[in-house]
4 protein chains.
Amino acid sequence: MLLDATASGVFSIAATPFLPDGALDRASIDSLTDFYLDCGVAGLTILGIMGEAQKLEPEEALAVSRQIIARASVPVIVGVSAPGFTAMRSLACGVMELGAAGVMIAPPPHLRTDEQILTYYAQAVEVIGDDIPFVIQDYPLTLSVQMTPKVLREIVMAHPSCVMLKHEDWPGLEKISTLRAFQKEGTLRPLSILTGNGGLFLDFEMERGADGAMTGYAFPDMLVETVKLMQAGERDKAHDLFDAHLPLIRYEQQQGIGLAARKYVLKKRGAIAYDAQRKPGAQLSNTARAEIDYLLSRVACRDPRASL
Amino acid sequence: MLLDATASGVFSIAATPFLPDGALDRASIDSLTDFYLDCGVAGLTILGIMGEAQKLEPEEALAVSRQIIARASVPVIVGVSAPGFTAMRSLACGVMELGAAGVMIAPPPHLRTDEQILTYYAQAVEVIGDDIPFVIQDYPLTLSVQMTPKVLREIVMAHPSCVMLKHEDWPGLEKISTLRAFQKEGTLRPLSILTGNGGLFLDFEMERGADGAMTGYAFPDMLVETVKLMQAGERDKAHDLFDAHLPLIRYEQQQGIGLAARKYVLKKRGAIAYDAQRKPGAQLSNTARAEIDYLLSRVACRDPRASL
Amino acid sequence: MLLDATASGVFSIAATPFLPDGALDRASIDSLTDFYLDCGVAGLTILGIMGEAQKLEPEEALAVSRQIIARASVPVIVGVSAPGFTAMRSLACGVMELGAAGVMIAPPPHLRTDEQILTYYAQAVEVIGDDIPFVIQDYPLTLSVQMTPKVLREIVMAHPSCVMLKHEDWPGLEKISTLRAFQKEGTLRPLSILTGNGGLFLDFEMERGADGAMTGYAFPDMLVETVKLMQAGERDKAHDLFDAHLPLIRYEQQQGIGLAARKYVLKKRGAIAYDAQRKPGAQLSNTARAEIDYLLSRVACRDPRASL
Amino acid sequence: MLLDATASGVFSIAATPFLPDGALDRASIDSLTDFYLDCGVAGLTILGIMGEAQKLEPEEALAVSRQIIARASVPVIVGVSAPGFTAMRSLACGVMELGAAGVMIAPPPHLRTDEQILTYYAQAVEVIGDDIPFVIQDYPLTLSVQMTPKVLREIVMAHPSCVMLKHEDWPGLEKISTLRAFQKEGTLRPLSILTGNGGLFLDFEMERGADGAMTGYAFPDMLVETVKLMQAGERDKAHDLFDAHLPLIRYEQQQGIGLAARKYVLKKRGAIAYDAQRKPGAQLSNTARAEIDYLLSRVACRDPRASL
């Protein structure tokens with residue numbers, strides 16, 4: 001079941017559960033996978049930035065992939081961004097053998113010119129092979145690489161195995177519109193666009209032409225519902241639901257401590273046993289935890305799923 | 001009426017109104033000043049990043065300052081960040097003669113080490129003189145300079161004329177807590193902390209110890225009310241009001257097109273005659289304008305000031 | 001006498017002489033201008049990074065330009081890079097009226113994508129007018145903007161008033177070869193290429209296709225001679241002369257303290273009365289001065305001009 | 001034989017030899033190791049940036065380390081910089097078991113504040129253990145992390161296992177003087193300082209207080225001789241030898257293609273069988289190769305080792 005350009009809906013960016021001592025929490029990997037599936041996600045993306053991928057040994061990365069792919073009944077995309085192509089190839093080939101649906105590749109932070117970006121993706125495809133479906137991660141805020149719509153189009157048109165864009169430019173609404181306009185004028189082939197940024201602009205991204213979301217907000221069920229409402233043309237209802245969560249979405253979308261906040265909520269929701277991160281990781285203060293509790297209590301007034 | 005460390009409430013970051021041909025819109029400068037005063041702001045900050053200061057000639061910067069300072073009955077802070085100290089001194093001395101309450105100084109983007117930052121502020125104070133009250137602008141997202149609480153403390157303690165911090169680090173809640181804890185332990189003298197980031201975290205910033213906001217959101221009256229509610233301990237009411245605006249606050253808080261969105265709303269509210277920016281400036285698409293209109297209509301359900 | 005694409009030889013990047021108290025040293029401006037002319041330079045470039053342009057008031061910038069342009073019998077290029085286009089236009093128009101041969105425009109540090117770079121130069125040309133000859137400064141090490149040969153070609157082909165490239169990419173030899181190959185294949189019109197980087201690669205840059213140098217090394221007479229020897233095909237002699245100076249060239253080509261080193265040598269050569277920089281500026285330690293003295297004594301063994 | 005603060009002389013940064021197809025060239029690993037030893041180096045540093053470490057699989061990194069450590073009769077330092085601490089610990093523990101003398105740790109590019117830098121090294125020491133001697137790599141030009149002398153002192157004083165600084169700040173002469181002055185005043189304990197930057201300032205670095213060089217210039221024998229001459233007080237002779245090589249040193253010290261140039265010369269000297277890099281790697285043009293040949297022929301006039 002390989003990923004293709006028709007993918008839509010919500011792909012949760014999966015956290016990686018750890019025990020308090022920093023070891024992988026195998027039981028929680030199962031429960032978290034089940035949680036995502038119960039939320040109605042269309043797919044999972046594992047070993048991304050939020051998955052603390054950089055803190056895993058190569059064999060751990062494969063072990064986590066094996067466990068989740070085996071358990072999940074939906075397509076699993078695996079982040080294979082790596083400082084060198086050799087490591088990228090190993091991981092990409094390894095997870096495809098395990099049954100992954102595709103891989104996600106972020107540009108390394110030193111890329112600047114359009115030419116460097118195009119060359120990088122050409123080299124990556126040469127290295128992993130042109131038969132592995134891949135996702136471009138476009139996340140300038142964290143990666144500091146800026147890819148224009150034209151550059152994205154050039155990558156997509158040069159590589160048939162590029163089937164999806166994880167869009168998290170900021171601001172990014174016009175970018176979606178521009179890419180969809182390229183398709184209308186016939187210069188860009190079909191491409192799945194899922195949006196990130198913690199879901200912060202999901203309400204409008206869908207109308208701009210996104211196919212769904214790929215993000216890690218701790219209420220994937222709300223994201224799933226919002227996407228469905230938008231697809232059904234229920235604009236006001238979608239915004240009502242989305243706006244109820246926005247204060248918490250915004251709180252989770254803080255660089256550095258966002259992951260701590262997410263794991264805290266995922267634990268409260270029973271998806272994982274511990275909100276531990278492998279070292280080094282930002283910790284929540286007691287005040288921050290109380291703020292999240294307060295936000296949850298306010299969300300709960302309009303969405304009972306937040307009554308925890 | 002010089003700025004001091006007791007300043008609190010909302011200081012609006014003022015837009016600079018232009019005519020469609022790019023010339024200063026003198027009539028709108030007056031109407032915008034009146035608008036801010038009617039909103040109940042405690043002060044104004046002019047010639048900041050949002051004020052398109054870099055697009056003004058030195059004499060224009062002085063002219064705008066003169067007009068606003070003469071009309072406003074509240075303290076006016078003037079942004080004097082400049083690529084060189086000579087220009088900074090000229091502008092700082094010029095606006096203080098015109099009656100400004102103080103100046104705001106952002107660190108230039110190339111600063112990296114704590115030592116470079118401390119040296120820069122020491123040089124700035126030497127250049128403008130130690131009798132001009134000044135505000136540190138701490139805005140790493142745009143300025144790419146990271147100042148730790150300890151570095152901020154060192155600047156404040158070294159320079160009695162430093163009376164305020166414009167706090168817009170992201171994430172930044174713990175920073176406020178840390179600075180206030182420094183004061184409790186006696187290692188930091190009193191300091192006004194006003195928060196920025198478009199107001200995106202104002203609801204919690206007040207509880208962390210902020211004295212108010214210094215930002216440009218197009219509903220300064222809502223910011224004023226939120227600050228007052230928080231100061232009065234009306235937490236739920238403050239969040240109710242704030243949350244009603246959050247979808248729009250978030251929309252305005254987009255790098256690049258945020259200013260276009262703000263001017264569009266300010267024009268709708270009758271504060272300025274045109275939403276023109278001096279070139280070069282990002283333009284709103286028709287879709288973006290429609291999105292803002294929709295957001296306004298939703299805010300209006302809970303805050304009639306948004307019925308435009 | 002406007003600058004055009006046939007320009008060649010050495011254009012000295014001129015220092016700006018200051019008195020010990022930071023005021024402009026008008027007498028040394030004259031003597032330094034005469035010194036450069038005596039060295040046989042083909043032109044001068046003033047108000048560049050090395051000219052401490054950012055530390056000058058607008059009226060000082062015009063005053064320095066007026067004095068040098070009036071005295072020099074060679075074309076004078078004026079750096080007009082500025083944080084905003086309004087200031088750029090003022091200065092550009094001002095110095096052209098004073099008789100400048102053209103202006104130099106560096107890209108602002110935040111530019112990343114090819115599109116942003118092209119847009120920036122288009123806006124700059126719109127602002128200053130398409131009748132002012134201009135030079136692109138390509139200096140990624142300091143400006144952090146990377147322009148590929150294709151982007152440079154696109155700027156040149158879009159703007160007939162672009163007549164010269166100040167080339168100081170590093171490494172940059174292949175870039176010169178690529179641009180000259182573009183011309184051979186007919187996709188790039190004639191363009192003067194003068195090289196920077198303190199002259200550190202001048203020996204090979206000439207053979208790659210450069211027309212000369214635009215840099216501030218304190219022995220412009222040596223640069224002039226090297227360029228002439230290379231143009232005459234005297235490769236070994238050119239390298240002999242160049243290599244004798246290379247230890248000092250390298251020493252001057254240190255970020256931050258390079259200018260202090262240059263002013264120190266220029267003062268020793270009698271070109272300026274003081275080696276003062278306007279604040280803030282890096283100072284030479286006694287050890288550094290002794291190192292330069294030693295290097296001069298070694299250069300002097302092979303080039304008597306260095307006996308100071 | 002663990003590394004300690006008395007280390008001095010030349011530690012060659014070793015290239016990693018590859019076959020034309022990208023596989024490790026095991027035979028050349030032996031011959032290159034022998035070549036360095038014949039040059040009289042005091043130690044080797046492997047798996048650094050120049051060693052293409054990021055292109056190796058974890059097991060390849062261990063294999064290369066095993067082979068070189070087993071063959072070399074001098075201390076071997078292994079670069080263990082990695083995107084995550086888990087990979088760093090694995091590699092560090094692995095190579096120490098193989099007999100490495102210590103490890104080298106570069107700060108990751110996102111570090112900005114002094115506090116972040118200090119925290120990073122504290123975490124690294126916690127992770128690898130405080131019994132593995134380590135070297136700080138201070139290379140702002142490539143790593144974009146700026147460490148002041150005070151921060152370096154703080155790291156050294158906090159961690160007894162920090163025994164060496166690989167100094168390649170630029171400019172960096174004053175930094176060496178400052179660190180040595182710290183020691184004189186008693187605030188910094190003994191520390192070996194070896195300098196990098198391709199050797200570009202080695203002539204003066206020794207007088208400033210460096211203990212030697214840690215760099216990859218393709219004539220380590222010349223570096224060894226220069227260091228010995230400087231240690232013997234033969235200043236003029238040291239400079240004579242150094243200056244003869246400076247044109248080539250400068251040519252090798254070009255970002256990106258420097259490694260290609262070095263491998264080309266190492267191959268000419270018989271140290272490795274192929275000058276191949278594992279993909280992706282910058283290639284030398286024919287013109288560049290001819291330029292290097294010419295430079296070698298000129299060096300050879302004064303140093304017969306360059307007659308190749």
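A:Glu225 and A:Arg305 form a salt bridge, with their closest N and O atoms 2.8 Å apart. Here a salt bridge is a side-chain nitrogen of Lys or Arg within 4 Å of a carboxyl oxygen of Asp or Glu. The pair links distant parts of the chain, 80 residues apart. A:Glu225 lies in helix H9 (residues 220-231) of chain A, and A:Arg305 in the segment after helix H12 (286-300) of chain A. Side chains of opposite charge can pair when their charged atoms come close. Over all chains, a search of the whole structure finds 88 salt bridges.

This is a predicted model, where local features need pLDDT of at least 70, side-chain atom pairs count only at pLDDT 80 or more, and totals for chains, interfaces and linings use all residues. Residues are numbered from 1 along each chain as its sequence is written, chains are lettered from A and ligands numbered from 1 in the order in which they are written, and side-chain values use heavy atoms, leaving out hydrogens and water.

**Relations between copies**

Two copies of a chain are related by a rotation about an axis and a shift along it. Superposition is by least squares on the C-alpha atoms of residues with pLDDT of at least 70 in both copies. The table gives two such pairs.

| Superposition | Turn | Shift along axis | RMSD |
|---|---|---|---|
| Chain B on chain A | 180° | 0.0 Å | 0.0 Å |
| Chain C on chain B | 180° | 0.0 Å | 0.0 Å |

Chains A and B are thus related as by a two-fold rotation axis. The same surface serves both of these copies: 100% of the contact residues of chain B recur in chain A. Contact means heavy atoms within 4.5 Å. Which residue of chain B comes closest to the rotation axis? B:Leu246 does, with its C-alpha at 3.8 Å.

For chain C on chain B, C:Pro83 is the residue of chain C closest to the axis, at 3.8 Å (C-alpha). Of the interface residues of chain C, 100% are also interface residues in chain B, so these copies meet through the same surface.

**Packing of H4 and H6**

Helices and strands are DSSP runs, numbered from the N terminus: H or I of at least four residues for helices, E of at least two for strands. Axes are lines fitted to C-alpha atoms, for helices over the stretch in contact, and angles run from 0 to 180 degrees between N-to-C directions.

In chain C, the axes of helix H4 (residues 114-128) and helix H6 (residues 149-158) come within 10 Å and cross at roughly 25°. H4(C) and H6(C) are therefore roughly parallel, a class that covers angles under 35 degrees. Their crossing is right-handed, meaning that the near helix is turned clockwise from the far one by less than a right angle. H4(C) contributes C:Asp114, C:Ile117, C:Leu118 and C:Tyr121 to the contact, and H6(C) contributes C:Val151, C:Glu154 and C:Ile155. Five of the contact residues are nonpolar, none polar and two charged.

In chain B, helix H4 (residues 114-128) and helix H6 (residues 149-158) pack at about 25°, with axes 10 Å apart. The crossing of H4(B) and H6(B) is right-handed.

**Backbone features**

The peptide bond from A:Lys279 to A:Pro280 is cis, with omega near -10°. A:Pro280 sits in the loop between helix H11 (258-268) and H12 of chain A. In chain D, the bond from D:Lys279 to D:Pro280 is cis, with omega near -10°.

B:Leu47 is not a glycine, yet has a positive phi of about 60°. B:Leu47 lies in the loop between strand S2 (43-46) and helix H2 (58-71) of chain B.

Terms used
Parallel < 35°, antiparallel > 145°, perpendicular 65-115°, else oblique. Nonpolar A, V, L, I, M, F, W, Y, C, P; charged D, E, K, R; others polar.
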